[in-house]
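Open your viewer, show the chain as a cartoon, and keep the selection box handy. We will go from stop to stop, choosing something to select and then looking at what is there.

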Amino acid sequence: MKKSTMLLAFLLGFGMASAQQIQWAHKLIKYSSDLGGKQNSIKRILGKPDAFPQGGTSPNAWMPKKALDGYEWVEVGFEKPQTVKQVAVFENLNAGCVVRIAVDRGNGKYETVWGRKKDYKTPTFKATIPADRNYYFKRKRRKIQEAPDVVNPGVEYAILEQAVSGVVAVRVEFNFALLPGQKEIDAIGISDSDTPILPTVNTTTAFESLPYAKTIELQGLEPSSGSISADGKTLYITAVGNPKTEIYTFTKNAAGQWDNKKLEPTLNANQYYNHLWCINDALLLKGGAAYTRGTTETGFELFTLKNGIYTNQGQLNVAAYNNYNDTAEAQLTPDQKILIMGIETDFSQGGSDLYFAQQTDDGTYGFLQNMGKIINSAADEGMCQLLSDTKTLLFASNGFSTFGSYDIFVTHRLDESWKNWSEPINLGSKVNSDDFDGLPFYDEKNEILYFIASQNETNILKFVALPKTILLKRD
């Protein structure tokens, strides 16, 4: 008898439990509708799940035109023919609307292999992970906005009565009137086994073996962002404030704890927003300055540090600089030859993306170029730190499979183009929680990762010992 089951809890596996052969939808053949655009388009259904296991609304999932109460369908092809015992449909909003599944064995004709019975009631569940919580993390105050709960995500497992060989394509039909509310489809997978295809987070055993990150008390400050000097001796914290964010420094006391809180007036000249990143012991990159749109100005300034005195060297200038957002993030390589920015432009994959620009002979920077689809999704990427090897990049995203909302990832540059990167690896559940985690800054000297997290709707600073060899490892 044909049967279907529902994922009743999030399964945070880090590898498949068996040697089953699994393929994800590789190409689009036909479909009923497409919203178009970069986000929630039909192309977002291809590949492995990226809105799971966290569930909830995502720009990386397909939202059909009649997703509220209509009839929709999609036909997808797979990279190579295989025997199919299971078809898994990842519905990240209000799951339970799959009504018919058919397969093509290579002759262009679809044969029905699974259908929902009229009286079938799909079990649903309410996720505990607040994955679709919207954060106002836009490099300003980073205040958290109230957001709706995740609504009934799940995986529809269609287990076939008899395995079907030579399958090259699958047709899935939906009746979205079965359940109220908006619907989104994240992915479609096939397997030669009836063992459920588990949604997984792309992390490693090494990251999962880390100790749990701990909280640092900042003497009453709520951190908005942070950075640390190259020698590991000075901690810079941008604190949430009214009317403006302000930068403080901390140094360690005799007990080895961050202490000696000090407001830095020279670094807080901007009227509202002040935040910085360390380039090296003598050079700081500071954001928040006023700039004129339509010019090469970016709002980022370079400061030198000598004998405890900060000196403003002027703004960074980028050719034809354009950013849909009011704010941005920036990083420089130690030699200042490459600038990395987190912004949104016409060339973004969806939301904010990571871009790079090369320094020109006059010290300004050329046109910003998108760093590619491997590390930029239809959602948001940014909040990055490039390590001193100029190949290892830490960044935050809500566009890949995560444990909560924004998670911290690591990727490695594979060539000199700055557009070819390794698949992002999640830093694991000891770093990333079921809430917001981002703005990483790594102390290479002492091998400690610091980052901003959200806890009870308040920003906190956390840290964890993280060997550099783990971060530099590419597998």
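Select strand 4 and strand 7 (residues 154-175) together: the two run antiparallel and are joined by 15 bridges. Strands here, like helices, are DSSP runs numbered from the N terminus, with at least two residues (E) for a strand and at least four (H or I) for a helix. Two strands count as paired if DSSP finds at least two bridges between them. To find your place along this pairing, show Val84, which stands opposite Val164 of strand 7. What you have open is a predicted model, in which local features need pLDDT of at least 70 and side-chain atom pairs count only at pLDDT 80 or more, while totals for chains, interfaces and linings use all residues. Residues are numbered from 1 along each chain as its sequence is written, and side-chain values use heavy atoms, leaving out hydrogens and water.

**Stay with strand 4**

Keep strand 4 selected and add strand 8 (residues 184-191). Seven bridges pair strand 4 with strand 8, again in the antiparallel sense. Here the residue to click is Val87, whose bridge partner in strand 8 is Ile190.

Now add strand 3 (residues 27-31), which runs antiparallel to strand 4 and is joined to it by four bridges. Leu28 is the one to label, facing Val76 of strand 4. As background, strands of a sheet pair through backbone hydrogen bonds, either parallel or antiparallel.

Is strand 4 mostly covered or mostly open? Colour residues 71-93 by accessibility: 18 of the 23 residues of strand 4 are buried. Buried means under 20% relative accessible area, exposed means over 50%, and partly exposed is in between, using a 1.4 Å probe and protein chains only.

**Backbone oddities**

Most residues other than glycine have a negative phi, and most peptide bonds are trans. The next four selections are exceptions worth a click.

- Phe52 and Pro53: the peptide bond between them is cis, with omega near 5 degrees. Pro53 sits in the loop between strand 3 and strand 4.
- Asn242 and Pro243: these are also joined by a cis peptide bond, with omega about 20 degrees. Look for Pro243 in the loop between strand 11 (235-239) and strand 12 (246-252).
- Asn260: this residue is not a glycine, yet has a positive phi of about 60 degrees. Asn260 belongs to strand 13 (residues 258-263). With 42% relative accessibility, Asn260 counts as partly exposed.
- Asn307: phi is near 55 degrees, positive in a residue other than glycine. Asn307 is in the loop between strand 16 (297-306) and strand 17 (309-317), and its 73% relative accessibility makes it count as exposed.

**A four-strand sheet**

Next, select strands 18 to 21. They form an open sheet in the order 18-19-20-21, with antiparallel pairing. Which are the edge strands? They are strand 18 (329-332) and strand 21 (369-370), each pairing on one side only. Strand 20 (residues 353-358) pairs with strand 21 over two bridges, and Tyr355 stands opposite Asn370 there.

**The largest pocket**

Switch to a surface view and select Leu46, Gly47, Lys48, Asp50 and Phe400: of the 36 residues lining the largest pocket, these are the closest to its centre. The volume of this pocket is about 1000 Å³. A pocket here is an open set of points on a 1 Å grid over the protein atoms alone, where a 1.4 Å probe fits, with protein on both sides within 12 Å along at least five of seven lines; lining residues have an atom within 4 Å of a point. The volume is the space filled by probe spheres set on those points. By residue type, the lining divides into 15 nonpolar, 13 polar and eight charged.

**Last stop: Ser388**

Select Ser388, in the loop between strand 22 (381-386) and strand 23 (392-397). At 43% relative accessibility, Ser388 counts as partly exposed. Beyond its neighbours within four places in sequence, Ser388 is in contact (heavy atoms within 4.5 Å) with Glu444 and Lys468. Finally, draw a distance line to Asn280: its C-alpha atom is 9.3 Å from that of Ser388, although the two are 108 residues apart along the chain.

Conventions: Ala, Val, Leu, Ile, Met, Phe, Trp, Tyr, Cys and Pro count as nonpolar, Asp, Glu, Lys and Arg as charged, and the others, Gly among them, as polar.
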